[in-house]
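Student: I have a structure open in front of me and would like to look closely at one part of it. Could you pick a strand and walk me through its surroundings, step by step?

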Amino acid sequence: MEIKVLHQVMDWNEDVSEEVKKTLSAHHICMINVMGSPGAGKTSLITSLIGRLKDDWRIGVIEGDIAGQVDAERIAALGIPAVQLNTDGACHIEAMSIQRILPGLPLDDLDVIFVENIGNLVCPAEFRIGEALRITILSIPEGDDKVEKYPLMFTDTDCLVLSKYDMMPYFDFDESRVRANYGTVNPGAPLLRISSRTGDGIQELSDFIAEHIRKTQL
Ligand SMILES: Nc1nc2c(ncn2[C@@H]2O[C@H](COP(=O)(O)OP(=O)(O)OP(=O)(O)O)[C@@H](O)[C@H]2O)c(=O)[nH]1
Ligand SMILES: [Mg+2]
């Protein structure tokens, strides 16, 4: 019986996710769901991407955290419209939260919305929020076994970013292990190396994202 209830909740989230998708598509907005562990470098990556993308595209950000507004303040300091969503304990963002937030954003003046999901390698992967693109971040210090341990986060994504790549010399991180496992669970999906600290790889990821924004503009 409990499994049935869970199934209904998930279906309901999928319905709302489709509604959010329609709203965004009517405004030609590409929404990007950024997922990864706590501290993987999600906000740093979004900040770096804003630096590359802001001259060409109008950007908004929804910052998801269990509590606090530190990340939204980091984004707002860049002059970018930012909303902080506090889940008050929930380990993921649901489509309903996005649906409630969207009317408060200047949708007619945005081309792309980054959503920083709650730091977690499990729950966010299970809930679609109406996004056009999913990016999963795995930072080098987290270890090379994560694709095997948390497969859904790597299966159900459009791009895997190996972040904090500048830390590679200091960790025993076997990139070939990650590539092999990711290639098995998500064949053909791109894997990019980036460092928000040095800026390496940010241009490549910006180009990948810009391609998706352009598609949404059609
Ligand atoms: N060396 C290095 N450190 C980084 C890099 N990116 C982020 N960091 C550091 O990692 C820490 C966490 O970065 P955040 O961007 O706040 O990570 P987050 O995933 O947004 O964290 P939560 O929102 O708390 O889940 C900070 O101390 C950053 O300075 C990177 O590319 N290289
Ligand atoms: Mg953050």
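Tutor: Happy to: here is a walk that begins at one strand, β2, and moves on to other parts of the chain. Please keep in mind that this is a predicted model.

Let's begin with the strand itself. Strand β2 covers residues 59-65, and 7 of its 7 residues are buried. Try following the side chains along it. Ile-59, Val-61, Glu-63 and Asp-65 point one way, while Gly-60, Ile-62 and Gly-64 point the other way. Both sets are buried.

Now look at the strands beside it. With strand β4, residues 112-116, β2 pairs in the parallel sense over 5 bridges. To find your place in this pairing, look for Val-61 of β2, which stands opposite Phe-114 in β4. Strand β3, residues 82-86, also runs parallel to β2, and 5 bridges join the two. Here a good landmark is Asp-65, whose bridge partner in β3 is Asn-86.

How does the chain link β2 to β3? Helix α3, residues 70-76, belongs to the link: β2, α3 and β3 make a right-handed β-α-β unit.

Let's return to Phe-114, the residue opposite Val-61. Leaving out residues up to four places away in sequence, Phe-114 touches Ile-32, Val-34, Ile-46, Ile-59 and Val-61. Two of these names, Ile-59 and Val-61, you have already met on β2, where they point one way along with Glu-63 and Asp-65. Phe-114 also appears in the largest nonpolar core, a set of 55 residues. Those with the most contacts inside this core are Ile-32, Val-34, Val-112, Ile-113, Phe-114 and Val-115. Strand β1, residues 30-36, gives the largest share of the core, 5 residues.

Just a short step away in the sequence from β1 is a residue with an unusual backbone angle to look at. His-28 lies in the loop between α1 (2-26) and β1. Although His-28 is not a glycine, its phi is positive, at about 55 degrees. Is His-28 buried or partly exposed? His-28 counts as partly exposed because it has 14 C-beta neighbours inside 10 Å, and a residue needs 20 or more to be buried.

Next, find ligand 1. It is surrounded by 17 residues, and the closest are Gly-41, Lys-42, Thr-43, Ser-44 and Gly-119. Helix α2, residues 42-53, supplies the largest share of this shell, 3 residues. By type, the shell around ligand 1 divides into 3 nonpolar, 9 polar and 5 charged residues.

Now let's travel further along the chain, to strand β6. In β6, 4 of its 5 residues are buried. Strand β5, residues 133-139, runs parallel to β6, with 5 bridges joining them. Ser-139 has Ser-163 as its bridge partner in β6. β6 also pairs with β7 in the parallel sense, over 3 bridges, and there Leu-160 has Leu-191 as its bridge partner in β7. Together, β6, α7 and β7 make a right-handed β-α-β unit.

The loop between β6 (159-163) and α7 (175-185) holds Lys-164. Lys-164 has a positive phi of about 55 degrees although it is not a glycine. Why does Lys-164 count as buried? Lys-164 is buried because 25 other C-beta atoms lie within 10 Å.

In strand β7 you will find Arg-193. With 18 other C-beta atoms within 10 Å, Arg-193 is partly exposed. Apart from neighbours within four places in sequence, Arg-193 is in contact with Leu-162, Tyr-165 and Gly-201. Compare its distance to Ile-213: these two are 20 residues apart in sequence and 21 Å apart in space, C-alpha to C-alpha.

Our last stop is Asp-200, in the loop between β7 (191-193) and α8 (202-217). Asp-200 counts as partly exposed, with 13 C-beta neighbours inside 10 Å. Leaving aside neighbours within four places in sequence, Asp-200 is in contact with Tyr-165, Ile-194 and Ser-195. Tyr-165 is a name to notice, since it is listed among the contacts of Arg-193 and those of Asp-200. Finally, look back to Ser-163, the bridge partner of Ser-139. Ser-163 and Asp-200 are 37 residues apart along the chain, and their C-alpha atoms are separated by 9.9 Å.

Conventions: Residues numbered from 1 in each chain as written. Chains lettered and ligands numbered in written order. Predicted model: local features only at pLDDT ≥ 70, side-chain atom pairs only at ≥ 80, totals over all residues. Buried ≥ 20, exposed ≤ 12 C-beta atoms within 10 Å, placed from the backbone. Pairing = 2+ DSSP bridges. Right-handed = clockwise from strand over helix to strand, strands pointing away. Near = placed C-beta within 6 Å. Nonpolar A, V, L, I, M, F, W, Y, C, P; charged D, E, K, R; others polar. Core = buried A, V, L, I, M, F, W, Y, C linked by C-beta atoms within 7 Å. Contact = placed C-beta atoms within 7 Å.
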